[in-house]
Every structure is written in structure tokens, then in C-alpha cells.
Amino acid sequence: MDDPARLPPAPDDLIHTLRLALVPGVGPKTRRALLDRFGSAEAVLGAPPSQLREVEGVGPKLSGRIAGARREIDAETEIALCRRHGVRILTDEDADYPPLLRQVPDPPGVLFVRGSLERRDEMALAVVGTRHPTPYGLRQAERLAGSLARAGMTIISGLARGIDAAAHRGALAAGGRTLAVLGSGVLHIYPPEHLTLADEVIAHGALISESPPRSEPLAGTFPQRNRLISGMALGVLVVEAGQHSGALITARHATEQGREVFAVPGRVDDRSARGCHRLIRDGAKLVETVDDILEELGPLYQATVRDDGQVVRHPAELVLNDLEQQVLAAVGTGATPIDEIVAQTSLPVPQVLSTLSVLEMRHVIRRLSGSSVARV
């Protein structure tokens, strides 16, 4: 990590943007209204209270806080803290800001990130559920998250007890990527027993929050962060949720944001299944296997071109090794005999067969018979 003392001073734009974001009472919608009126964070902070009050949602108290922010909010110290602890500050003007999050009605102006965000994280699914799961719910969350991770999808959840933790662990066990969106700051891990899990998430993804890094978890921040969990994903999978579960708030955000909603059914006499059953009655897609999800999300994935010029048609192709790519290149969209793949690749038969099994597990090919396969 670079020595913060040797780094150049923070850009003025970042200081102004962060200072405005840290003003209590300036939420995403109010911030957008202020920027539309004044043009920049610097101009907002320099505006007189009388002009600030002309903006919808800004009353006398809030206008006073904004006008006094230059004196009362030390954005430079917050930036220095982030530099010391390897926390990246992303504004909605940064190229690395999650593109799906830009599309929601109330995206945060600033995100704090510990870890890394990658292009493939655009192909993500949120997996959420109750903090008090049954053994069945834990098994399903880990199984489905792991299968999705092997298919190249990033798993997003909230690092909470129960289903969230199981989803992160399922993705990590499968060697995949996972992102945790926190209701606290990224330097204040909650619950504390997930400190080790948080470190694993940072190593294979990122911790993300719109709250300052040292912020403690407050009851009101969790429903607010749920819109980020759904907003960064193509869809939300709910695995066990009671009738008043916070996971249903995430599902509601997903619907409002135009995202897909999936639910795992449970036993009819199980209280923890009632939320999922209600979602299914209201139109959520019932999920039994990972294919139920991939079939629905497949058309949402945009074919891209790798640096080597190869066209990528499935997210899992982004994480294939050289051998797997070589075998996949020999598989057509129609029935392709395995003997033909062996001939094209000049690889030993056992190596081709084992690689085809990996590709099938990653859901990029399907087996048509004992002797032929095809691309999904």
C-alpha cells in the first residue's frame, strides 16, 4: 500500500463531492436536485442558504448545514483515513462506478470500496434471505451461489448472518467472486464474527458501503443499503424469508428498479418460507436449480470481445483457463461429436472428457448424448 504522506493531495473535486455527501440529511435525491440547480458540489457548498432553500426538500436546518459544511466537515481527514486503510472512494463520475447502479432512481454519489471491482461484476446476482435460516435454507443458498459462481456470475449479498453469509461462502468455495454491501462502514465490520469472512470477500471481490468507513450499523441504514444490493445486480434471489423479512425489501427494490426476482420455495408449514411463497404468487420465478436463473438472465448478457479478439458469449467464458478455452473453441452451437473435438484440439481423450465436464459444470456447454455436446 502506498504511503499516504507521499501521495499527492486529493483533487478539489473529490473533496467537494465527499463533503457534500457527508452532510447529514443530503440523500441521493436531494443531492441530485442540488446539483441540477447549482451545477457542481463546489457551487452547492458555496451557495447562500436563501438560494439553497429554493431547492425542493431543502429547509432552513438543512440549508444551514450545507452552508456550514466547509467549516464543520473535514473531508480531507476522511480521505486520508481511506488512503491509510486501502479504501477507495468512488464517485458517480468515476469510470469504475458500477454501471448498473447508475440506472437506479437514487444512486449514491459516493461509494467506499475495500477490495476490487471488475468488469465481470456487471454479470451479478444478489442472493439474500433471513438471518435465522433452517439447515435447508443454508444448503440451498450455498448450493445455488456456488453454481452461479462457477457459471461466471458474481454473487452480491449483505454479509449478514444466515442466508447472506451462506451465499458469500458458497461463491468463495466455488472459486468465484462476491461483493458485500454493508449497512455499516467498510472499516466497521458487522456482525463482528464475520471479520474473517469479510477478509475473504475483500480478497475475492469487495466490501462496499455508501456510509463513511468508520460508521456504525444503524437500523435505518440497512433498508437503505438494500437498494444497492439489488441495484448492482441483474436480479435478486430470495432464499428463505419470513413475511416481514428485510429480504422482501430488497426484492421490492429489485422490482422497482426493473430487475428480475427469483425465489426458492420451501415447506408450506415453514414460517421462513412464507415470504418466498408470497413472492412466487406475485410473479417471482420459482427456482429449483441454477438453470432456472441462467435461462432467465442469459438474454441480458451482452456478448463482448476479449483482448485477444475472441468473442465471449457467456460470462463463465471470462474465467476459463487456456485449456478450457481451447476445448470450448472446438464446440459448435449445434451437436458437436466429441471425436471431432479431440481431432481439432489434438489433446488426449481423457483430458478432453474431463475439460468438457468442467465446461458443463460452468453451464457453457450442454451434453446432448454420450458422444456429442453443444454450446449453451
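**Exercise 1: The sheet**

Task: In this predicted model, work out the strand order of the open sheet and find which strands stand at its edges.

Solution:
- Start with the order: the open sheet has nine strands, arranged S1-S2-S6-S5-S4-S3-S7-S8-S9, and the pairing is mixed.
- Now look at the two ends of that order. Strand S1 (88-91) and strand S9 (285-286) each have a single partner strand, so one side of each has no neighbour in the sheet.
- Next, zoom in on one pair. Strand S5 (residues 178-181) and strand S6 (residues 205-209) run parallel and are joined by four bridges. One to look up is Ala180, whose bridge partner in S6 is Leu207.

**Exercise 2: Helices on the sheet**

Task: Find which strands helix H10 lies across, and which strands helix H12 touches.

Solution:
- Take H10 (residues 163-173): this helix lies across strand S3 (124-129), strand S4 (154-157), S5 and strand S7 (235-239). Its angle to S3 is about 140°.
- Then take H12 (residues 221-231), which packs on the sheet and touches strand S2 (110-115), S3, S4, S5 and S7. The direction of H12 makes about 160° with that of S5.

**Exercise 3: Two arginines in one helix**

Task: Arg225 lies in helix H12, and so does Arg227. Work out which side chain of opposite charge is nearest to Arg225, and which side chain Arg227 meets in a salt bridge.

Solution:
- Begin with Arg225, which is buried. Its nearest side chain of opposite charge is Asp164, 4.3 Å away. A salt bridge needs the nitrogen and the carboxyl oxygen within 4 Å, and Arg225 has no salt bridge.
- What does its side chain reach instead? It gets to the backbone oxygen of Gly158 at 3.3 Å. Among the residues Arg225 touches are Arg131, Val181 and Leu182.
- Move on to Arg227. Its side chain meets that of Asp106 in a salt bridge, at 3.2 Å from N to O. The pair links distant parts of the chain, 121 residues apart, with Asp106 in the loop between helix H8 (99-102) and S2. Both Arg227 and Asp106 are buried.

**Exercise 4: A pair within one helix**

Task: Are Arg32 and Asp36 buried, partly exposed or exposed?

Solution:
- First place them: both lie in helix H2 (residues 28-38), four residues apart, about one turn of the helix. Their salt bridge has its closest N and O atoms 3.4 Å apart.
- Arg32 has 36% relative accessibility, so this residue counts as partly exposed.
- Asp36 is at 57%, so this one counts as exposed.
- Finally, widen the view: Arg31, Arg32, Asp36 and Asp92 are linked in a network of salt bridges.

Technical notes:
Residues are numbered from 1 along each chain as its sequence is written. This is a predicted model: local features need pLDDT of at least 70, side-chain atom pairs count only at pLDDT 80 or more; totals for chains, interfaces and linings use all residues. Side-chain values use heavy atoms; hydrogens and water are left out. Two strands pair if DSSP finds at least two bridges between them. Contact means heavy atoms within 4.5 Å. Axes are lines fitted to C-alpha atoms, for helices over the stretch in contact, and angles run from 0 to 180 degrees between N-to-C directions. Buried means under 20% relative accessible area, exposed over 50%, partly exposed in between (1.4 Å probe, protein chains only). Lys and Arg count as positive and Asp and Glu as negative; His and the chain ends are not counted. A polar contact is a pair of N or O atoms within 3.5 Å; within protein, one must be able to donate a hydrogen and the other to accept it, and residues adjacent in sequence count only if both atoms are side-chain atoms. Lists of a residue's contacts leave out its neighbours within four places in sequence.
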